[in-house]
Amino acid sequence: MMNLQKEGAISFETDGAFYNPKMLLNRDIGVAMARALSLTEYLDALSASGIRGMRMAKEAGIPAVTLNDVSPAACELIGRNLKRNELSCEAVCSNANVLLHQRHFQTVDLDPFGSPSSYLSAASRSALSYLFITATDTAPLCGAHYYSGVRKYMARPLRTDYHREMGARILLGLAARELARLDKAMQPVLTHVTDHYVRTYLRLSKSAKAADKCLESMGYVEHCPACGSFALLHEPRPKGSCEYCFGKTILAGPLWLGKIQDAEIIRRARTELVSSARAGKLLQNCECEVDAPMYYDHHSICERLNITPGKIDEVIEALTMSGYKASRTHFCGLAIKTDAPLCSVEEAVKTA
Ligand SMILES: C[S@@+](CC[C@H](N)C(=O)[O-])C[C@H]1O[C@@H](n2cnc3c(N)ncnc32)[C@H](O)[C@@H]1O
Ligand SMILES: [Zn+2]
């Protein structure tokens, strides 16, 4: 019997291709971002059933949408799904890396099984205005599978309290370097880590000068596992020991230390969201988080100080009153995102 699904404004079959209903939020936000950015051309490079690209065509009204998948069964399915929804998108049955080397697209979206790293080079070449990336290999990105992370992302990941942001910034770091090789610069407009995936939306510009400037946002994190403090470095020259507890530090990176959210675009996307409370809350959190890489875990700090946790919002207020940037973050409900050093965060935690 035919397996008919409904998602957003699309009815579609899924037999013969992969479909993950848990990625609904990812696709809902994708549609809202496409509307906020007024996209004119879009390639869903790894389409499976075609649901993502079809929603982009129908709900975001993108006039030129291409759906590609290497699997002939998926391509047949995409053809049937396009017909069912009376959509005139282009369907291509090709290896994504071949297609990405053959043609340019204003927007390229990568949503592979696991790591996008093997497509990033070709996608960076093909994409002219925007590159959207999903990575579901959070274990390598966030430091749980160290060697796999090093191989896939040419960076040392680290499993820390802020591993979710570490993963996002390692992915962004590889994208920045792939693009820079082609004299392209990136500006992340939205980055979120949800469930077990990282998702980022990058605006691109072609300019060697802008690419040089972009690479200035690359760097490293020197982390102390003993006390949880960290320092941001632009060169791989760690001090080797922690300035607070004198413990031995570890270096993570290279990774992206630049901005990861564009509040204005995210606010616009939020107004474009169709009935998704969870997505709305997520975008609101992303919009409001301060531009300060990584974060501290409130409970970890309290555990080390041997005190009962008070209210996070009061810690954030105390830090703000002391002149620091501070906010919550979508990465973790127990986190304090701030440019304050650990000693000031500890003071604020004690007084809150
Ligand atoms: C995770 S699924 C895509 C899901 C889809 N974007 C969605 O939102 O439902 C990954 C797809 O990539 C396809 N694929 C794997 N390797 C590929 C390649 N080298 N080129 C093109 N498609 C590929 C698989 O056939 C599979 O359908
Ligand atoms: Zn330390």
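These exercises work through the domains, the sheet, a helix pair and the ligand shell of a predicted model.

**Exercise 1. Domains**

Task: State which residues form each domain, and describe the side of domain 1 that touches domain 2.

Solution:
- Start with the bounds. The domain assignment places 4-217 and 257-288 in domain 1, and 296-351 in domain 2.
- Take the centres over C-alpha atoms. They lie 32 Å apart.
- Count the contacts, with C-beta atoms within 7 Å as the cut-off. Nine residues of domain 1 meet nine residues of domain 2.
- Find the elements behind the domain 1 side. α8 (163-180), β8 (184-194) and α11 (277-288) each give two or more residues. α11 gives the most, with four residues.
- Sort this side by class. Four residues are nonpolar, two are polar and three are charged.

**Exercise 2. The sheet**

Task: Give the strand order of the seven-stranded sheet, and explain why β5 and β8 each have one side without a neighbour.

Solution:
- Read the order across the sheet. It runs β5-β4-β3-β6-β7-β9-β8. The sheet is open and its pairing is mixed.
- Look at the ends of that order. β5 (90-92) and β8 stand at the edges with a single partner strand each, so one side of each has no neighbour in the sheet.
- Check the twist. Neighbouring strands are turned by 15 degrees against each other on average, direction ignored.
- Take one pair inside the order. β7 (residues 127-135) runs antiparallel to β9 (residues 197-206), and six bridges join them. Tyrosine 130 stands opposite arginine 203 of β9.
- Add the helix on the sheet. α9 (residues 208-215) packs there and touches β8 and β9. The directions of α9 and β8 make about 40 degrees.

**Exercise 3. A helix pair**

Task: Describe how α5 packs with α8.

Solution:
- Begin with the geometry. Two packed helices are described by the angle and the distance between their axes. For α5 (residues 117-126) and α8, the angle is about 35 degrees and the axes are 9 Å apart.
- Assign the hand. The crossing of α5 past α8 is right-handed.
- List the contact residues. α5 supplies Ser117, Leu120, Ser121 and Ser124. α8 supplies Leu174, Ala175, Glu178 and Leu179.
- Class them. The contact has four nonpolar, three polar and one charged residues.

**Exercise 4. The ligand shell**

Task: Say how many residues surround ligand 1, which are closest, and how the shell divides by class.

Solution:
- Count the shell. 21 residues surround ligand 1.
- Name the closest. They are Leu46, Ala48, Val70, Ala96 and Asp111.
- Divide the shell by class. Twelve residues are nonpolar, five polar and four charged.

Conventions:
Residues numbered from 1 in each chain as written. Chains lettered and ligands numbered in written order. Predicted model: local features only at pLDDT ≥ 70, side-chain atom pairs only at ≥ 80, totals over all residues. Domains from an automatic or database assignment. Contact = placed C-beta atoms within 7 Å. Nonpolar A, V, L, I, M, F, W, Y, C, P; charged D, E, K, R; others polar. Pairing = 2+ DSSP bridges. Axes fitted to C-alpha atoms, helices over the stretch in contact; angles between N-to-C directions. Near = placed C-beta within 6 Å. Left-handed = near helix turned anticlockwise from the far one by under 90°.
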